[in-house]
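Here is a quick tour for anyone meeting this structure for the first time. Have a look at the sequence and the model, then read on.

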Amino acid sequence: MSLLLGVDLGGTKVELIALTSHGRELLRRRTDTPQGNYPETIRTIVKLVEEAEDELAERGTVGIGTPGAVSAATGRLKNSNSVCLNGMPLREDLARALGRPVRLANDADCFALSEAVDGAAARAEIVFGVILGTGVGGGIVVRGRLLNGANAIAGEWGHNPLPWPQGVERPGPPCYCGRSGCIETFLSGPGLARDHERRTGESLDARTIAERAELGYSTCRGSMALYEDRLARALAHVINIVDPHVIVLGGGLSNCTRLYANVPRLWGRYVFSDRVDTKLVPPRYGDSSGVRGAAWLWKR
């Protein structure tokens, strides 16, 4: 089938895109995510797919990007912050409801795949895609193919400890995974906001902190400088292990332009090399990358 359908199953919205085999967008639709309702989530995805195929008068392959990952042991979803999905056979239930095989990948993996195929990191040999949003995730693409790993968690850097912790960074904020000091607790949007409030007493969201830093507010500039050093340390660990040619940032904080100049200036002190040729770039497709990557699951 030449029609590629991708679905991004998010915490607040379900988005569908239809692409040609060459990546041209034909159609895009979105609807609200049924909160905490697994059967209704299945019905919502099926309805989006069927309506798109009716409108385009063509049947397509279906790829799904979702929080969490499929357990190699059970075939069921794990590690999803949309908890109604955990322990459920999402891929099998969707395949049965749609009457065809379905490919499923973590939403950060889909973001990385999209940017590696025809996005900001197109033609790069090794790509690390980063999500800096409500949570922190990542995906790895090698020579155009998504790296899954033995446990289906390749790229899950957000639940490693922040490298080279300093002073008050030990033991670090508690994380929903049950540990403390995870990268996610420092580098997510809520993590930045919590740290800023702890340091300054100001209750601001991450977007406002970044905007005010650009305007010269000293408290916000201080918080962003600390955030950039933490991001540099965390990405240096990835560079030391994976050595990607390109790192693409996604999520809400990827819109902060100062990161692309400041973080590469900092990470050299943490990378085990005489020079760092890795590029740090913004996404080509922004918020649309995840759903495009879901569609590309059938071509890569």
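## The second largest pocket

Let's start with some empty space. In this predicted model, the second largest pocket holds about 390 Å³. Its lining is made up of 18 residues, and the ones closest to the centre are Leu-104, Ala-105, Leu-146, Asn-148 and Leu-297.

Which elements give two or more residues to this lining? They are strand 5 (69-70), strand 7 (102-106), helix 3 (107-118) and strand 10 (145-146). Strand 7 gives the most, with five residues. As for chemistry, the lining of the second largest pocket divides into ten nonpolar, three polar and five charged residues.

## Two hairpins at the start of the chain

Now hop over to strands 1, 2 and 3. Strand 1 (residues 3-9) and strand 2 run antiparallel, and six bridges join them. Put together, strand 1 and strand 2 make a hairpin, with three residues between them. If you want a spot to look at, find Val-7, which stands opposite Leu-16 in strand 2.

Strand 2 also pairs with strand 3 (residues 25-32), again in the antiparallel sense, this time over seven bridges. Here Val-14 stands opposite Thr-31 in strand 3. Strand 2 and strand 3 form a hairpin too, with five residues between them. In the turn of that hairpin sits Gly-23, with a positive phi of about 90°.

So strand 2 has a partner in strand 1 and another in strand 3, because each pair has at least two bridges, which is what pairing takes. Is strand 2 (residues 13-19) mostly covered or mostly open? It's mostly covered: six of its seven residues are buried.

## Salt bridges around strand 3

How many salt bridges does the structure hold? The count is 21. One of them brings together the side chains of Arg-28 and Glu-25, at 2.7 Å from N to O. Arg-28 is partly exposed, with a relative accessible area of 26%, and Glu-25 counts as partly exposed as well, at 35%.

This pair isn't on its own. Asp-8, Lys-13, Glu-15, Glu-25, Arg-28 and Arg-30 are linked in a network of salt bridges.

Arg-29 has a salt bridge as well: its partner is Glu-55, and the closest N and O atoms are 2.8 Å apart. Arg-29 lies in strand 3 while Glu-55 lies in helix 1 (residues 38-56), so the pair ties together parts that are 26 residues apart in sequence. With 36% relative accessibility, Arg-29 counts as partly exposed.

## A salt bridge within helix 2

Our last stop is helix 2 (residues 90-98), home to both Asp-93 and Arg-96. Their side chains meet in a salt bridge, at 3.0 Å from N to O. The two residues are three apart along the chain, about one turn of the helix.

Which of the terms buried, partly exposed and exposed fits Asp-93? Asp-93 counts as buried, because its relative accessibility is 19% and the cut-off for buried is under 20%. Arg-96, on the other hand, counts as exposed at 62%, since exposed means over 50%. That makes this salt bridge a link between a buried residue and an exposed one.

Methods: Residues numbered from 1 in each chain as written. Predicted model: local features only at pLDDT ≥ 70, side-chain atom pairs only at ≥ 80, totals over all residues. Heavy atoms only, no water. Buried < 20%, exposed > 50% of the residue type's maximum accessible area, 1.4 Å probe, protein only. Helix = DSSP H or I, 4+ residues; strand = E, 2+ residues; numbered from the N terminus. Salt bridge = Lys/Arg side-chain N within 4 Å of Asp/Glu carboxyl O. 1 Å grid on protein atoms, 1.4 Å probe; cavity = no way out; pocket = protein on both sides within 12 Å on 5 of 7 lines; lining within 4 Å. Points joined across faces, edges and corners; volume = space filled by probe spheres on them. Nonpolar A, V, L, I, M, F, W, Y, C, P; charged D, E, K, R; others polar.
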